[in-house]
Amino acid sequence: MTKKIAIIGSGNIGISLAKGLVKADFAQAADITLTRRNIDNLKSFADAGFIVSSDNKQAVAAADVVILAVLPQQLNTVLDEIQPSINATKHLVISVISGVSCAAVREKLGDDVEVVRVMPNTAIAIGQSMTCMASDNASAENIADVTRMFETVGSVVKINEDLMTSATALCACGIAFFLRAIRAASQGGVEIGFHADEALKMAVQTAKGAADLLLLHGTHPESEIDKVTSPKGCTIAGLNEMEHNGFSSSLIKGIKLSALKAGNLYTKEG
Ligand SMILES: NC(=O)C1=CN([C@@H]2O[C@H](COP(=O)(O)OP(=O)(O)OC[C@H]3O[C@@H](n4cnc5c(N)ncnc54)[C@H](O)[C@@H]3O)[C@@H](O)[C@H]2O)C=CC1
Ligand SMILES: O=C(O)[C@@H]1CCC=N1
């Protein structure tokens, strides 16, 4: 039997996940209930065959897998609301919420509820997520199921739960960091003679090529950089100028600050 999925809080990441699961043929739209407070914003998804609802309790009651995808500051209200509808023997709870431990979710939903914490990124909508995953009480079978679910929409790495906020910074926030780098490159391209649209296309494909070189060759970035930097050449001149202006340093500092912030997004008190 196909498992029924309820995505509680269908905003950016909830929607991206729903789209990715259907695109990857992991689930049919009709097996996924999307909830949010104002369902007018989900009309196109209702038209595409998803069940849309503003009733979290009903969505949970009808589901086998409950995916929590509200903001950390919205979580306590949602957990209090759905707790009476949660059945530990039936439901598997998956939380994508930053900075909230499996234990904190169980504190509200019940000690015997299996909780898996996952941290995908928005590339999940196109099957290209880097998803990190941790649990302190899920069965091997449920861990395998969740791994399979997220492997249909990208790569999955299992990590210790105490590294989850670091994974949030590197992978979930990381999408924005790399996108900003691409935008900056395209702006440089405009300054040196290209129209904005062609500069963006060139920057995007160049970034994709760089990522694919590492993925396909399995090499270290510096070894690929060595192949580009001709002695006394223009690449090393540009690269060193960027480093003098703090390129690597600013990325590292940004990732560290995001990780710190990711750990402080939630309080039990709400
Ligand atoms: N956006 C991203 O790239 C990623 C976000 N996350 C985590 O996912 C969670 C959601 O983030 P976003 O999607 O960016 O936020 P968002 O604000 O786009 O989505 C949250 C959704 O929850 C809905 N909502 C709020 N209260 C609700 C309630 N009581 N019942 C039902 N729906 C309710 C809101 O209407 C909204 O659509 C956060 O906890 C975030 O830390 C995790 C990985 C990546
Ligand atoms: O910015 C945020 O808080 C969320 C968590 C990871 C990505 N977006």
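Helix H8 passes helix H9 in a right-handed crossing, and that's a good place to start looking around this predicted model. H8 covers residues 174-191 and H9 covers residues 196-217, and the two pack at an angle of about 135° with their axes 8 Å apart. Angles over 145 degrees would count as roughly antiparallel and 65 to 115 as roughly perpendicular, so H8 ends up oblique to H9.

Who does the touching here? On the H8 side, the contact is made by Phe178, Ile182, Ala185, Ser186, Gly189 and Val190, while H9 brings Ala196, Ala199, Leu200, Met202, Ala203, Val204 and Ala207. Sort these residues by class and you get eleven nonpolar, two polar and no charged ones.

Now hop over to another pair of helices, H7 (residues 164-172) and H12 (residues 247-262). Their axes come within 8 Å and cross at roughly 135°. H7 and H12 are therefore oblique to each other, and H7 passes H12 in a right-handed crossing. Look for Thr165, Ser166, Thr168, Ala169 and Leu170 in H7, which meet Ile255, Ser258, Ala259 and Ala262 in H12. The class split for this contact is five nonpolar, four polar and no charged residues.

It helps to see what the records say about this stretch of chain. UniProt, in an unreviewed entry, lists residues 161-262 as "domain: Pyrroline-5-carboxylate reductase dimerisation". In the model, that span is 82% helix and 0% strand, and its end C-alpha atoms lie 13 Å apart.

Next, the ligands. Which residues come nearest to ligand 1? Out of the 26 residues around it, the answer is Gly9, Gly11, Asn12, Ile97 and Ser98. Two elements give two or more residues to this shell, namely helix H1 (12-23) and helix H4 (75-82). H1 gives the most, with three residues. Taken by class, the shell around ligand 1 divides into twelve nonpolar, twelve polar and two charged residues.

Ligand 2 has a short list of neighbours: Ser98, Thr168, Ala172 and Cys173. You've already met a couple of these names. Ser98 was among the residues that come nearest to ligand 1, and Thr168 was one of the H7 residues that meet H12. By class, the shell around ligand 2 has two nonpolar, two polar and no charged residues.

Conventions:
Residues numbered from 1 in each chain as written. Chains lettered and ligands numbered in written order. Predicted model: local features only at pLDDT ≥ 70, side-chain atom pairs only at ≥ 80, totals over all residues. Near = placed C-beta within 6 Å. Nonpolar A, V, L, I, M, F, W, Y, C, P; charged D, E, K, R; others polar. Helix = DSSP H or I, 4+ residues; strand = E, 2+ residues; numbered from the N terminus. Axes fitted to C-alpha atoms, helices over the stretch in contact; angles between N-to-C directions. Parallel < 35°, antiparallel > 145°, perpendicular 65-115°, else oblique. Left-handed = near helix turned anticlockwise from the far one by under 90°. Contact = placed C-beta atoms within 7 Å. UniProt positions renumbered as here; feature names shortened; annotations may be inferred.
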